[in-house]
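When looking at a protein model for the first time, it helps to ask where space is left inside and which residues are enclosed. Please keep the sequence and the structure side by side while reading.

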Amino acid sequence: METNELTRGAGILLAISSLPSPYGIGTLGDAAYRFVDLLVDLKQRYWQVLPLGPTSFGDSPYQSLSAFAGNPYLIDLDFLVRDGLLKQEEIRCYNWGVDDGAVDYATLFENRMAILQKAFERFDVLDAGYEQFCEANRDWLDGYTLYMAIKNANENRPWQEWNEEIKKKQPVALAKCRKELYNNIRFWGFCQYEFFKQWDGLREYANSKGVKIIGDVAFFAGLDSADTWMNPELFLLKDNGLPEYVAAAIPDKFSETGQIWGNPLYNWKNMEADGFSWWKKRIRMAERMFDIIRIDHFLGIIKNYSVPYLTDDTTTGKWFKGPGRKFTDCLNDELSNTVVIADDYGGKVLTPGAKKLLKKSGWLGTKVLMFAFDGDPFNEHLPHNYTEHQTVVYAGTHDNETIAGYFRNKNEYELAYLYEYLNIHTVADIPDALIRAAYQSTADLAIIQMQDVLKLGNEARMNEPGTVGSNWRWRLHEEQLDEARRTWLRNLAAVYRR
């Protein structure tokens with residue numbers, strides 16, 4: 001496959017959940033449209049978002065309840081007021097958290113579905129748009145809405161703890177569930193209809209302003225998800241629905257103890273037997289939603305590190321082989337003309353075989369400047385070592401410390417090569433110098449995390465992989481970016497033809 005052309009440009013990485021809003025979490029409402037306007041003002045061509053699926057325990061968008069559904073938390077409540085489905089005073093009756101700088105997921109869990117339920121009670125389920133949406137998405141929506149309704153009725157316990165007849169999807173048991181939970185099933189369908197209606201409106205607006213949206217496709221599925229319940233044969237699960245091994249990462253210089261992600265592994269043999277049809281549906285959905293697709297964890301296509309289920313020791317793991325080129329060829333056959341970015345920044349972890357596969361796939365590789373300054377002039381993340389322009393360069397990523405946070409405690413010896421390379425003299429200069437280095441590089445696309453544009457410390461870190469409790473919470477304040485900062489970024493985009 002030939003690599004699709006990408007217009008040289010710059011963009012900002014900001015999760016939808018991180019947008020400002022008075023209702024506890026960023027949404028697809030007015031603040032999202034204002035952020036598009038901000039991108040235009042800053043001469044940015046791209047907006048990268050994190051996965052948009054419904055989150056569960058741990059709040060991670062990479063541990064979604066569905067690989068296809070949208071997150072109901074992101075539905076804008078003010079838009080529902082404009083549509084006559086809610087009243088402003090009803091929304092104000094609920095607590096949405098006390099800190100507008102952080103998402104309070106526990107409060108959202110208590111209150112968000114309750115207010116959406118009120119909106120559903122006023123919604124006309126015979127609405128032609130709703131019926132058309134349900135019909136067009138039946139191949140994933142029917143399973144997801146049934147799963148959510150049953151999960152609701154079981155106090156949100158994972159499907160592995162449901163009674164045996166429902167867990168095994170026995171037809172009589174499921175028919176009974178569909179009858180008894182009919183209204184709740186329709187409610188979850190309504191949430192998806194509203195999410196995608198709002199998402200489509202936002203994307204259309206962004207495109208009309210010359211902004212393309214880069215969407216992140218999580219590589220793994222959640223253990224407790226509609227996908228594993230509906231398709232257990234596609235995952236390495238025991239008869240009780242639980243895995244023997246779960247996805248993990250070996251220790252490296254950014255995580256000395258390694259990481260345990262907890263996702264189930266794929267049964268690649270079964271997936272290949274049916275032509276990777278589940279993945280084909282996923283890539284079609286991603287192409288329907290985004291202008292550019294980023295596929296998370298490229299190394300997983302080659303091999304997957306895993307550890308025994310429920311262990312906390314990353315040294316007890318083993319490697320499972322991935323599907324390789326058969327998989328990338330299959331996805332490419334499904335794509336029309338969409339650019340794909342591979343999350344391949346494992347650096348030296350990537351084998352020559354993986355690099356070869358990336359080249360043959362035609363997908364764009366990734367460089368991360370935070371990984372570049374180990375003193376080795378041959379480090380592949382250093383801009384002078386980029387061998388082709390069809391590359392995406394990040395200053396830092398959502399899985400790492402912020403730039404200011406990461407370099408804050410480095411000593412002068414550790415920083416010597418970086419200072420020399422970037423022609424700077426103090427730690428305070430590093431964030432701007434890295435952004436400039438990304439912009440002036442030959443990489444077609446330079447993406448900067450919003451926290452790094454703002455030069456924030458680790459209090460604004462988005463995620464620390466392998467941990468639960470304080471991730472995915474950071475939020476942007478409306479006027480956090482002052483005019484001097486805006487002028488600097490605009491100028492940088494102009495100077496380096498971004």
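The report below turns to the cavities, then to the nonpolar core and an enclosed helix, and lastly to three individual residues.

## Cavities

The model is a predicted one, and the structure holds 4 cavities of 30 Å³ or more. Rolling a probe the size of a water molecule over the atoms shows where empty space is left. The table sets out the two largest of these cavities.

| Cavity | Volume | Lining residues | Nearest the centre | Make-up of the lining |
|---|---|---|---|---|
| Largest | About 280 Å³ | 25 residues | Leu52, Gly53, Ala67, Asp216 and Arg282 | 16 nonpolar, 6 polar and 3 charged |
| Second largest | About 150 Å³ | 15 residues | Ser17, Pro51, Pro61, Asn71 and Leu74 | 10 nonpolar, 4 polar and 1 charged |

Which elements help to line the largest cavity with at least two residues each? Both β3 (212–217) and α12 (277–289) do so, and the largest share of this lining, 4 residues, comes from α12.

## The nonpolar core and an enclosed helix

In soluble globular proteins, nonpolar side chains tend to be buried together. In this model the largest nonpolar core has 170 residues, and those with the most contacts inside it are Ile16, Trp47, Trp199, Tyr266, Trp279, Tyr439 and Met450. Helix α9 (residues 182–208) gives the largest share of this core, namely 11 residues. Methionine 450 can be followed further, since when its neighbours within four places in sequence are left aside, methionine 450 is in contact with Ile12, Leu13, Leu14, Phe35, Leu38, Trp474, Leu476 and Leu481.

Why can helix α17 (residues 430–440) be called largely enclosed by the rest of the structure? The reason is that 9 of its 11 residues are buried, where buried means a relative accessible area under 20%. The buried residues of α17 are Ile430, Pro431, Asp432, Ala433, Leu434, Ile435, Ala437, Ala438 and Tyr439, and Tyr439 is also listed among the residues with the most contacts inside the largest nonpolar core.

## Two serines in a loop

Serine 66 lies in the loop between β2 (46–48) and α2 (77–82), and serine 60 is likewise placed in the loop between β2 and α2. Are these two serines buried or exposed? Serine 66 has a relative accessible area of 4% and is therefore buried, and serine 60, with a relative accessible area of 11%, is buried as well.

The side chain of serine 66 reaches the backbone nitrogen of phenylalanine 68 at 3.0 Å, while the side chain of serine 60 reaches the backbone nitrogen of tyrosine 62 at 3.0 Å. Not counting residues up to four places away in sequence, serine 66 touches Gly53, Pro54, Tyr144, Ser225 and Asp227, whereas serine 60, counted in that way, touches Thr55 and Trp472.

## A buried asparagine in a strand

Asparagine 304 is found in strand β7 (residues 303–308), and because its relative accessibility is 4%, asparagine 304 counts as buried. A polar atom of its side chain lies 3.0 Å from the backbone oxygen of glycine 300.

Which residues surround asparagine 304 by contact, once its neighbours within four places in sequence are left aside? They are Phe219, Phe220, Leu265, Trp268, His297, Lys318, Trp319, Phe320 and Gly322. Valine 246 is 58 residues away from asparagine 304 along the chain, and the C-alpha atoms of the two are separated by 9.5 Å.

Technical notes
Residues are numbered from 1 along each chain as its sequence is written. This is a predicted model: local features need pLDDT of at least 70, side-chain atom pairs count only at pLDDT 80 or more; totals for chains, interfaces and linings use all residues. Side-chain values use heavy atoms; hydrogens and water are left out. On a 1 Å grid over the protein atoms alone, a cavity is a set of points where a 1.4 Å probe fits but cannot get out, and a pocket is an open set with protein on both sides within 12 Å along at least five of seven lines; lining residues have an atom within 4 Å of a point. Grid points are joined across faces, edges and corners, and a volume is the space filled by probe spheres set on the points. Ala, Val, Leu, Ile, Met, Phe, Trp, Tyr, Cys and Pro count as nonpolar, Asp, Glu, Lys and Arg as charged, and the others, Gly among them, as polar. Buried means under 20% relative accessible area, exposed over 50%, partly exposed in between (1.4 Å probe, protein chains only). A polar contact is a pair of N or O atoms within 3.5 Å; within protein, one must be able to donate a hydrogen and the other to accept it, and residues adjacent in sequence count only if both atoms are side-chain atoms. Contact means heavy atoms within 4.5 Å. A nonpolar core is a set of buried Ala, Val, Leu, Ile, Met, Phe, Trp, Tyr and Cys residues joined through side-chain atoms within 4.5 Å.
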